[in-house]
Amino acid sequence: MDGYLLPAPWVREHPLAGDASTRSYSRVWDISGASAILVRYPEDIRGQIVRDLEVRAWCESRGVRVPALLDKSPDSELAVIEDLGPAD
């Protein structure tokens, strides 16, 4: 996406349709072809990532299958989660 550098190890990006929030989503690939979903939190909702990750962890702790958290930026702007495929 314009104005953004991809976090390592991701080298290619394809924007995905968004949802009702101002977060943006992209499918990203590393050099081996493995994919993940990159979630960007704009500045006006950046604090929401903490709540979203808490809900994710709570669901996982109760046996709900949720995408794995692969990485999170220290400034809470980005999260990289497991790619469950094009239909999920």
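**Exercise 1. A charged cluster**

The side chains of aspartate 52 and arginine 51 meet in a salt bridge (3.1 Å, N to O); a salt bridge here is a side-chain nitrogen of Lys or Arg within 4 Å of a carboxyl oxygen of Asp or Glu. Starting from this pair, work out which residues salt bridges with shared partners join into one network.

*Solution.* A word on the model before we start: it is predicted, local features need pLDDT of at least 70, side-chain atom pairs count only at pLDDT 80 or more, and totals for chains, interfaces and linings use all residues. Residues are numbered from 1 along each chain as its sequence is written, and side-chain values use heavy atoms, with hydrogens and water left out.

Step 1: look for another partner of aspartate 52. Arginine 23 forms a salt bridge with aspartate 52, with the closest N and O atoms 2.9 Å apart.

Step 2: place the two ends. Arginine 23 sits in the loop between β1 and β2 (24–29) and aspartate 52 in helix α1, 29 residues apart. Helices (H or I, at least four residues) and strands (E, at least two) are DSSP runs, numbered from the N terminus.

Step 3: check accessibility. Buried means under 20% relative accessible area, exposed over 50%, and partly exposed in between (1.4 Å probe, protein chains only). Aspartate 52, at 17%, is buried.

Step 4: join the pairs. Shared partners put Arg23, Arg51 and Asp52 in one network.

**Exercise 2. Across the sheet**

Find the salt-bridge partner of arginine 40, and say which strands hold the pair.

*Solution.* Step 1: the partner is glutamate 13, at 2.8 Å from N to O.

Step 2: arginine 40 lies in strand β3 and glutamate 13 in strand β1, so the bridge ties together parts 27 residues apart in sequence.

Step 3: arginine 40 is buried, at 2% relative accessibility.

**Exercise 3. Sheet order**

Give the strand order of the open sheet and name the strands at its edges.

*Solution.* Step 1: the five strands run β1-β2-β3-β5-β4, with antiparallel pairing; two strands pair if DSSP finds at least two bridges between them.

Step 2: β1 (12–16) and β4 each have a single partner strand, so one side of each is left without a neighbour in the sheet.

Step 3: for β4, three bridges join this strand to β5, and leucine 69 stands opposite isoleucine 81 in β5.

**Exercise 4. The loop after β4**

Where is aspartate 75 placed, and is this residue buried, partly exposed or exposed?

*Solution.* Step 1: aspartate 75 belongs to the loop between β4 (69–72) and β5 (78–82).

Step 2: with a relative accessible area of 45%, aspartate 75 is partly exposed.
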